[in-house]
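Student: I would like to request a close look at a single part of this structure, with its surroundings set out in one connected account.

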Amino acid sequence: MSVEIPLSGLADSFNQGLAEGRLLIQSCNKCGKPNMYPRYRCPFCQSNDLGWRQATGRGVLLTYTVVRAVPPLGFEDDLPYALGSIRLEEDVQLLARLEPGDEGDWAVYACDATVEFAPRPAAEIDKRPVAWFRLVGEDAPS
Amino acid sequence: MTETSATASLRVPAGAPNDPVFIGVGELESGRFPDRSFIAALTEVAIRALEDATMAPADVDTIILIPNLHSFDDQADLIFSRMVEELGLSRQAKASFMVHSGGSTSDNAVRVASGLIAAGHARTVLVLQAERWGSADLSEMVTMLTANGIPQEWERASGITFNAVGGLITQRYMYESGSTPEEMASVCVALREWAKLNPNAMFRNRDLTVEQVLGSKMVSDPIHALECPPLADGAAAFVMTSAENAAARRDAAVRIAGSGGCVSHYALAQDTDIGALGWKIAGDRAWKQSGWSPSDLQFAEVYDSYAAITTIACEGLGLCEPGEGARWFASGATSPGGDFPMNTNGGLLSAGHTGVGGGMALLIEGVRQLLHAAEPERQVEAVERGLIGGTGGTYMDAQVLLLERVEQGGGR
């Protein structure tokens with residue numbers, strides 16, 4: 001049985017994907033199920049034969065909020081910023097940052113809106129390793 | 001659904017000598033008390049609970065401590081054994097330890113204490129909590145809270161905060177229920193009406209209106225500043241013992257008719273039903289174990305660090321109609337004089353958020369109501385049965401205790 005993922009390197013692999021503009025989903029090589037957040041053993045079949053696959057990047061925004069005050073230490077200069085819980089097409093979920101709309105705010109968003117992964121520059125991912133998403137407009141490529 | 005709790009037939013029946021019961025509670029006023037030391041608060045509230053139980057420290061053989069979240073030093077310390085010394089129980093105490101599930105710790109401490117008593121491993125258990133959220137170092141606390149139920153490697157870099165967690169849940173709840181900002185603000189106002197009757201409540205002397213709530217600064221959409229729980233110092237304690245040991249001590253005690261629980265997630269973003277969380281599952285488990293239904297209840301005390309946290313719980317537990325939780329509070333049904341009193345101490349939102357103690361304060365208020373020992377203006381008339389609902393971390397679990405008053409021969 002191959003062990004593709006070192007037990008210490010889960011976040012490094014995921015974050016490297018973000019820096020390369022790819023959203024990765026951990027995938028069990030034994031039962032085939034996707035895991036998010038990545039796990040050290042597959043929570044469905046307990047296999048440690050785990051790899052990665054690239055997500056389609058599309059999903060549904062389950063809920064969101066705009067943080068306007070009282071951020072954690074070190075996030076003061078980020079204000080305001082928006083966070084959303086997103087269910088990807090692969091039926092796994094993650095917390096992500098949301099890009100503002102054309103008006104510079106997040107009024108365009110709504111629960112159950114379709115969103116897509118929005119790659120960010122590697123330098124930004126190095127500073128804050130977090131996935132970003134944006135609203136899928138009517139004229140967006142599908 | 002797999003049955004995860006003990007089945008009714010395996011539980012200690014009402015009236016059995018080893019049936020675990022609450023026999024006393026103690027509490028300190030919530031608010032900002034920078035001069036009140038942590039250990040002093042724990043000691044004082046222990047004595048108050050024991051006096052309420054007509055007991056002395058020497059009657060206690062087990063101490064359970066509820067964790068604090070105000071400082072790294074006090075979190076790392078083994079305070080439970082210090083309390084053995086402070087109460088003069090060295091070599092008399094059989095065990096002292098901590099239980100931790102965040103805001104639902106008090107509910108799980110009840111499970112642990114009652115299990116120890118029913119199985120004969122403990123005779124009398126003293127459960128203690130104190131918190132200094134109102135006067136602790138703010139930067140240390142904010143840092144600690146971003147590590148509390150938030151996966152470090154997957155979510156910390158996003159800048160998530162606890163108010164953001166409340167915002168995420170509230171946004172989904174308002175979307176699903178069609179509740180308006182005014183209706184959400186009304187929940188806070190309804191709780192304030194109870195706080196005004198509670199001498200231990202942080203905001204007992206401060207009026208609150210819907211206009212004030214909606215006029216306050218937006219902190220994390222859709223939550224305004226006055227919809228965030230006020231961080232407070234506070235302390236609470238309760239004593240549990242066997243029915244046999246309790247009988248001679250006071251005219252009534254409070255037993256556990258059943259409990260239910262559901263751990264739905266660790267990280268909020270992993271919850272597949274953020275607008276419902278684990279309440280329906282937890283409630284169904286409690287109804288099944290007790291044979292009760294919502295119509296058996298006369299009041300409830302349900303965790304309320306944000307309005308939506310308690311409205312979601314009320315709906316899942318069947319205390320009100322689905323989707324109607326906020327409008328139910330807005331109608332006055334849960335307020336003083338209403339049909340179904342809710343959070344009669346003012347809740348976390350108005351009595352004060354004392355960290356893990358917020359749920360503890362609701363629990364002991366429920367016990368106090370069932371002992372008919374609340375101040376007269378706050379006491380719900382002739383209550384016999386109530387529900388305690390708790391949740392911890394990023395609302396990772398839903399815990400339900402069904403409590404009932406049992407009359408007994410002794411004491412007061």
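In which loop of chain B is B:Ala382 found? Please begin there, and then take helix H3 of chain B in detail.

Tutor: The model is predicted, and what follows describes it as such. B:Ala382 is found in the loop between H15 and S10 of chain B. Its phi is near 55°, a positive value in a residue other than glycine. Most residues other than glycine have a negative phi, and most peptide bonds are trans. With a relative accessibility of 49%, B:Ala382 counts as partly exposed, because buried means under 20% and exposed means over 50%. B:His372 lies in the loop between helix H15 (357-370) and strand S10 (385-390) of chain B. The phi of B:His372 is also positive, near 60°, and this residue is not a glycine. At 32% relative accessibility, B:His372 counts as partly exposed.

Helix H3 of chain B, the part to be examined closely, spans residues 79-86. Its buried residues are B:Ile79, B:Phe80, B:Met83 and B:Val84. They cover an arc of only 160° around the axis, and therefore lie on the same side of H3(B). An α-helix has 3.6 residues a turn, so residues three or four places apart point the same way. The cover over the buried residues of H3(B) includes helix H1 (38-52), helix H2 (72-76), strand S2 (62-65), strand S3 (95-98) and strand S4 (124-132), all of chain B. After H3(B) comes B:Gly88, with a positive phi near 75°.

Among these covering elements, H1(B) can be described further. Two packed helices are described by the angle between their axes and the distance between the axes. For H1(B) and H3(B), the axes come within 11 Å and cross at roughly 60°. The two helices are therefore oblique to each other, and their crossing is right-handed. On the H1(B) side the contact is made by B:Phe38, B:Ile39, B:Leu42 and B:Thr43, which meet B:Ile79, B:Arg82, B:Met83 and B:Glu86 of H3(B). By class, this contact has five nonpolar, one polar and two charged residues. B:Ile79 and B:Met83 appear in the contact with H1(B) and are also listed among the buried residues of H3(B).

Other backbone features can be placed beside these. In chain B, a cis peptide bond joins B:Asp221 and B:Pro222, with omega about 0°. B:Pro222 has its place in the loop between strand S5 (218-220) and strand S6 (223-224) of chain B. In chain A, the peptide bond from A:Met36 to A:Tyr37 is cis, and its omega is near -5°. A:Tyr37 is in the loop between strand S2 (34-35) and strand S3 (50-54) of chain A.

Two buried side chains complete the account. B:Arg250 is in the loop between helix H10 (243-246) and strand S8 (252-263) of chain B. With a relative accessible area of 5%, B:Arg250 is buried. A:Asn15, in helix H1 (residues 10-19) of chain A, counts as buried at 17% relative accessibility. Not counting residues up to four places away in sequence, A:Asn15 touches A:Ile125 and A:Pro129.

Key. Residues numbered from 1 in each chain as written. Chains lettered and ligands numbered in written order. Predicted model: local features only at pLDDT ≥ 70, side-chain atom pairs only at ≥ 80, totals over all residues. Heavy atoms only, no water. Buried < 20%, exposed > 50% of the residue type's maximum accessible area, 1.4 Å probe, protein only. Helix = DSSP H or I, 4+ residues; strand = E, 2+ residues; numbered from the N terminus. Arc of directions from axis to C-beta. Contact = heavy atoms within 4.5 Å. Axes fitted to C-alpha atoms, helices over the stretch in contact; angles between N-to-C directions. Parallel < 35°, antiparallel > 145°, perpendicular 65-115°, else oblique. Left-handed = near helix turned anticlockwise from the far one by under 90°. Nonpolar A, V, L, I, M, F, W, Y, C, P; charged D, E, K, R; others polar.
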